[in-house]
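Colleague: Hi! Could you walk me through this model while I have it open?

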Amino acid sequence: MKIRDGKVEIVTGDITTFAVDAIVNAANSSLLGGGGVDGAIHRAAGPLLYEACRKLKGCATGDAKITPGFQLPAKYVIHTVGPIWKDGNRGEDEKLASCYRRCFEIMVAEGLKTIAFPAISTGAYGFPMERATRIALEETHKFLETNPPIEKIIFVCYNDRAYKCYIEAAADILIK
Ligand code: AR6
């Protein structure tokens with residue numbers, strides 16, 4: 001589904017197959033790989049991604065760091081570290097919002113035009129999908145209000161439940 005004159009797209013699929021300027025990785029603070037989307041990205045990018053990540057010396061929760069995409073169709077990977085969900089009262093919302101803001105900041109700083117996000121923190125880290133999608137789209141809305149020089153923000157949903165959550169949140173937040 002395309003929203004905001006095509007600037008935002010919500011799709012289902014595997015993020016490792018997207019030929020965009022940058023795909024976002026839902027990493028952990030070591031940046032040395034793991035399961036889920038992180039594992040899939042490292043497998044598809046090849047061993048040079050691990051070497052590049054090693055040089056970054058980790059990443060704080062809510063922050064993001066960029067590497068090349070190596071064998072991926074995407075030119076770059078922006079690695080961000082989402083919060084681990086506890087009970088919603090430990091700053092999880094703000095930390096997740098910060099992940100999106102930092103990815104957008106890096107995107108603009110590097111002159112990137114197209115980006116694809118997975119649903120950060122909603123797998124192994126246990127962040128409730130509906131709440132996470134609202135945060136993702138609220139930050140996207142705020143970012144687009146600044147008229148950034150970008151072409152496309154894609155939300156890649158791994159299953160139909162995630163897709164439904166994004167579409168419902170988009171109806172409230174992006175289609176006003
Ligand atoms: N494309 C798009 N989305 C995907 C893909 C894919 N190929 N694979 C999974 N997802 P997760 P987290 C979705 O667990 O919760 C790792 O071990 C998945 O359905 O990958 O931020 C890291 O190293 C879910 O909705 O990331 C960390 O230790 C979303 O991506 C930890 O997991 C995020 O799930 C990070 O946990």
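Modeller: Happy to; we can go through the sheet, the helices, the ligand and a few single residues.

Colleague: What kind of model is it, and how are the residues numbered?

Modeller: It is a predicted model, in which local features need pLDDT of at least 70 and side-chain atom pairs count only at pLDDT 80 or more, while totals for chains, interfaces and linings use all residues. Residues are numbered from 1 along each chain as its sequence is written, and side-chain values use heavy atoms, with hydrogens and water left out.

Colleague: Thanks. What is the strand order in the sheet?

Modeller: The sheet is open and has seven strands, ordered β1-β2-β7-β6-β3-β5-β4, with mixed pairing. At the edges are β1 (2–3) and β4 (64–68), each pairing on one side only. Strands here are DSSP runs of E with at least two residues, helices are runs of H or I with at least four residues, and both are numbered from the N terminus. Two strands pair if DSSP finds at least two bridges between them.

Colleague: How many bridges join β6 to β7, and do they run parallel or antiparallel?

Modeller: Four bridges, and the two strands, β6 (residues 114–117) and β7 (residues 152–157), run parallel. For T114, the bridge partner in β7 is K152.

Colleague: Which helices pack on that sheet, then?

Modeller: Helix α4 (residues 129–145) does, touching β2 (8–12) and β7, and its direction makes about 175° with that of β7. Helix α5 (residues 160–173) also packs on the sheet, where it touches β1, β2 and β7, at about 160° to the direction of β2. Touching means heavy atoms within 4.5 Å. The angles run from 0 to 180 degrees between N-to-C directions, with axes fitted to C-alpha atoms, for helices over the stretch in contact.

Colleague: On to β5. Are its residues mostly buried or exposed?

Modeller: Mostly buried: five of the six residues of β5 are. The cut-offs are under 20% relative accessible area for buried, over 50% for exposed, and partly exposed in between, with a 1.4 Å probe and protein chains only.

Colleague: And which strands does β5 pair with?

Modeller: Six bridges join β5 to β3 (residues 22–27), and those two run parallel. With β4 the pairing is antiparallel, over five bridges. V77 of β5 is a bridge partner of I23, and V77 is also the bridge partner of T67.

Colleague: Nice. Changing topic: which residues are closest to the ligand?

Modeller: There are 20 residues around the ligand, and the closest are N28, G35, D38, T122 and G123. A residue is counted if one of its heavy atoms lies within 4 Å.

Colleague: What polar contacts does the ligand make?

Modeller: One of them puts a ligand nitrogen 2.8 Å from an N or O atom in the side chain of D14. A ligand oxygen is 2.7 Å from an N or O atom in the D38 side chain, and a ligand oxygen is 2.8 Å from a polar backbone atom of A124. The protein covers 89% of the 700 Å² of accessible area that the ligand has on its own. A polar contact is a pair of N or O atoms within 3.5 Å; within protein, one must be able to donate a hydrogen and the other to accept it, and residues adjacent in sequence count only if both atoms are side-chain atoms. The areas come from the Shrake-Rupley method with a 1.4 Å probe, and for residues only the protein chains shown count as cover.

Colleague: Back to α4. Why does T133 count as buried?

Modeller: Because its relative accessibility is 1%. T133 touches C165, Y166 and A169, leaving out residues up to four places away in sequence. A polar atom of the T133 side chain also lies 2.8 Å from the backbone oxygen of E130.

Colleague: Last one: which residues have a positive phi?

Modeller: Two to look at are L31, with phi near 60°, and K57, with phi near 55°. Most residues other than glycine have a negative phi.

Colleague: Where do L31 and K57 sit, and is each buried or exposed?

Modeller: L31 is in the loop between β3 and α1 (36–45) and is buried at 1% relative accessible area. K57 lies in the loop between α2 (47–56) and β4, and counts as exposed at 73% relative accessibility.
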